[in-house]
Amino acid sequence: MTRANARELAVHLIYSQGFTGDEPDIVVATRLEKEYYKLLSEENEVYAERPSRAQMAYIDCVVSGVANRQELLNQEIQKFSIGWDVSRISRLARSVMQLAIFEILNVDDVPVGVAVSEAVRLAKKYDGDDTGAFVNGILGAFARSLPCDTEVTEEA
């Protein structure tokens, strides 16, 4: 499984956790249980291959990290979503942006540009081109607000 697939899987889990309110470890364990995972593979190609140990460590880290820092992440989204209340942003777009901001702030091996472009890709895939542009605008503004020594590249 690639990091991009693990990221997409993490978005699914963050999105799911937002609905269920379950603890992140419960959501991960339930969704990644072998039989359930096999059923999901019939619906979405991202579930075709099980995550490696390294990808599981990444998934656990980001899913629990987003859940534990949701208020802070939403504040960052709110700060840059001028004219939009966070509660009006689709749950999927919010999940994608929460993950991207968490990665930018907390995952050392994910460059800022990768976090932004992957978030835009996922937003477009699941919520359409307009949402991708919206996500790009918010994350681009967030990235530009970071200290100058942080690498920033925007999605075209």
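Over the ring of which residue does the charged end of Arg91 sit? The legends below answer this and describe further views of a predicted model.

**Figure 1. The protein chain as a whole is built from eight helices and zero strands.** Read along the sequence, the pattern is α-α-α-α-α-α-α-α. The radius of gyration of the protein chain is 15 Å, close to the 15 Å that the globule rule gives for 156 residues, so the chain is as compact as a globular protein of that length. Along the principal axes, the C-alpha atoms fill a box of roughly 45 × 30 × 30 Å. Of the 156 residues, 47% count as buried. The accessible surface comes to about 8,000 Å², and carbon and sulfur atoms account for 50% of this area. Among contacts between residues at least 6 apart in sequence, 67% join residues at least 24 apart.

**Figure 2. The charged end of Arg91 sits over the ring of Phe19.** The distance from the charged end of Arg91 to the centre of the Phe19 ring is 4.1 Å. A further arrangement of a charge and a ring involves Arg3, which lies over the face of Tyr58. Here Arg3 is 4.2 Å from the ring centre.

**Figure 3. Phe80 and Phe142 form an aromatic pair, within a total of four such pairs.** The two rings meet edge-to-face, with 6.1 Å from centre to centre and 80° between the planes. The pair links distant parts of the chain, since Phe80 belongs to helix α5 (residues 70-80) and Phe142 to helix α8 (residues 129-144), 62 residues apart. Are these two residues buried or exposed? Phe80 has a relative accessible area of 18% and is buried because this value is under 20%. Phe142 also counts as buried, at 2% relative accessibility.

**Figure 4. Gln78, in helix α5, contacts Trp84, Asp85 and Val86.** These three contacts leave aside the neighbours of Gln78 within four places in sequence. Which backbone atom lies 2.9 Å from a polar atom of the Gln78 side chain? The backbone oxygen of Trp84 is at this distance. Gln78 counts as partly exposed, because its relative accessibility of 32% falls between the 20% limit for buried residues and the 50% limit for exposed ones. Ile59 is 19 residues from Gln78 along the chain, and the C-alpha atoms of the two residues are separated by 25 Å.

Definitions and conventions. Residues numbered from 1 in each chain as written. Predicted model: local features only at pLDDT ≥ 70, side-chain atom pairs only at ≥ 80, totals over all residues. Heavy atoms only, no water. Phe/Tyr/Trp six-rings, centres within 6.5 Å; stacked < 30°, edge-to-face > 60°. Helix = DSSP H or I, 4+ residues; strand = E, 2+ residues; numbered from the N terminus. Buried < 20%, exposed > 50% of the residue type's maximum accessible area, 1.4 Å probe, protein only. Lys NZ or Arg CZ within 6 Å of the ring centre and 35° of its normal. Contact = heavy atoms within 4.5 Å. Polar contact = N/O pair within 3.5 Å; in protein donor to acceptor, adjacent residues only side chain to side chain. Rg over C-alpha atoms; globule rule 2.2 N^0.38 Å. Areas by Shrake-Rupley, 256 points an atom, 1.4 Å probe, with all protein chains shown as cover.
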